[in-house]
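This report looks at how aromatic side chains are arranged in one protein chain, and at the surroundings of one of its helices.

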Amino acid sequence: MTQKCQFLLTQGLAPSTRRVYHSAQRRFVNFCRQDGRANVDGSIPPANEETLMRFASLLADNLNYSSIKVYLSAVRSLHIDHGLPDPLVNCLRLQRLLRGIKRVQGPVSPRRLPITVDLLQAIQRCLDLSTRDHLMLWAACCLGFFGFLRAGEFTVNSVFDPNTHMTVDDLQADSLVNPSCFKVHIKCSKTDPFRVGCDIYVGRGVGSVCPVTALGSYLSLRGSAPGPLFMFSDGRPLTRQQLSSSVQSILHGAGYSGSYSGHSFRIGAATTAAARGVPDHLIKTLGRWSSDAYQIYIRTPVSSIVSVSSQLVA
């Protein structure tokens, strides 16, 4: 294979996907060698269904069903890279084994709950907005919610890179005095593999929950220094893990149980928009969904479901 072919083959997967797959592939190779399925020279022959079943069974001891499927996809990718047939084709016993793992493991961890306006207000009440770090966190929460953003779009989860991560230059107010909105440039996202980028707009909120006010106050303290948009006073960037743990800690301390993460802002925005009667096509536009996938984010309150009974006889 020519060097150019190898380069283009490598570019067929996103770097983040390759990193995830690399770990899984290394574990698969080690498994084959320990299980006596390697060639004499140490190389790994094409995997058959039995090998994949034994591998999946081993993984089931400490990985959930969804992670095991990712590992098997990584094995498939390894075969493709080496010009071998897809090992997952027509593996009916493997498919049944995976269903067995799913049934035995039972329900996965609690799904992430939406952060709605009420919970945003609870977060705000627990923060001291006179301190830079708290103001930074509040501005990030507001941008995540009102921008319908994925957590990875406004946090830093690897070495900071101004070409991919959000910076001060990616925010532009429509006016220097009393702005009514911010234009926010998103350089890349999981649905933008070619990093074309896009612009979103967030306008003023109502009352104390206002993204324009929160961002303006934070930027006045942060200044235009280079680095990630959201960073602590000591220069550390706000990571997805820090955002999730901070939000979870604040809400649990305020008496709200359940599982919350950085993605809860996007879920909450879609849920709130649907509850307030925002048209479906506009929700799709705000969240940059190309399909009806946004509907899985909308959490319908029990009260709304219960009220249908009376509506049926009204």
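The sections below describe aromatic pairs, a charge placed over a ring, and the packing of one helix in this predicted model.

## Aromatic pairs

The model contains 5 aromatic pairs. One of them joins Phe31 and Phe55 in a tilted arrangement, with 5.3 Å from centre to centre and 40 degrees between the planes. Because Phe31 belongs to helix H2 (residues 15–34) and Phe55 to helix H3 (residues 49–59), this pair ties together parts that are 24 residues apart in sequence. Phe31 and Phe55 are buried, and ring pairs connect them with Phe28 in a cluster.

Phe154 and Phe230 form an edge-to-face pair, in which the centres are 6.3 Å apart and the planes lie at 85 degrees. This pair links distant parts of the chain, 76 residues apart: Phe154 is in the loop between helix H7 (132–146) and strand E1 (171–173), whereas Phe230 is in the loop between helix H8 (211–222) and helix H9 (240–253). Phe154 and Phe230 are both buried.

## A charge over a ring

At Phe232, the ring has the charged end of Arg236 sitting over it, at 4.5 Å from the ring centre.

## Helix H3

At the start of H3, Asn48 places a side-chain oxygen within 3.2 Å of the backbone nitrogen of Glu50. The buried residues of this helix are Glu49, Thr51, Leu52, Met53, Phe55, Ala56 and Leu59. These buried residues of H3 pack against H2, helix H4 (65–81) and helix H5 (92–105), and Phe55, one of the buried residues, is also the H3 member of the tilted pair with Phe31.

Terms used:
Residues are numbered from 1 along each chain as its sequence is written. This is a predicted model: local features need pLDDT of at least 70, side-chain atom pairs count only at pLDDT 80 or more; totals for chains, interfaces and linings use all residues. Side-chain values use heavy atoms; hydrogens and water are left out. Rings of Phe, Tyr and Trp (its six-membered ring) pair if their centres lie within 6.5 Å; planes under 30 degrees apart count as stacked, over 60 as edge-to-face and the rest as tilted. Helices (H or I, at least four residues) and strands (E, at least two) are DSSP runs, numbered from the N terminus. Buried means under 20% relative accessible area, exposed over 50%, partly exposed in between (1.4 Å probe, protein chains only). A charge sits over a ring if NZ of Lys or CZ of Arg is within 6 Å of the ring centre and within 35 degrees of the ring normal. Contact means heavy atoms within 4.5 Å. A polar contact is a pair of N or O atoms within 3.5 Å; within protein, one must be able to donate a hydrogen and the other to accept it, and residues adjacent in sequence count only if both atoms are side-chain atoms.
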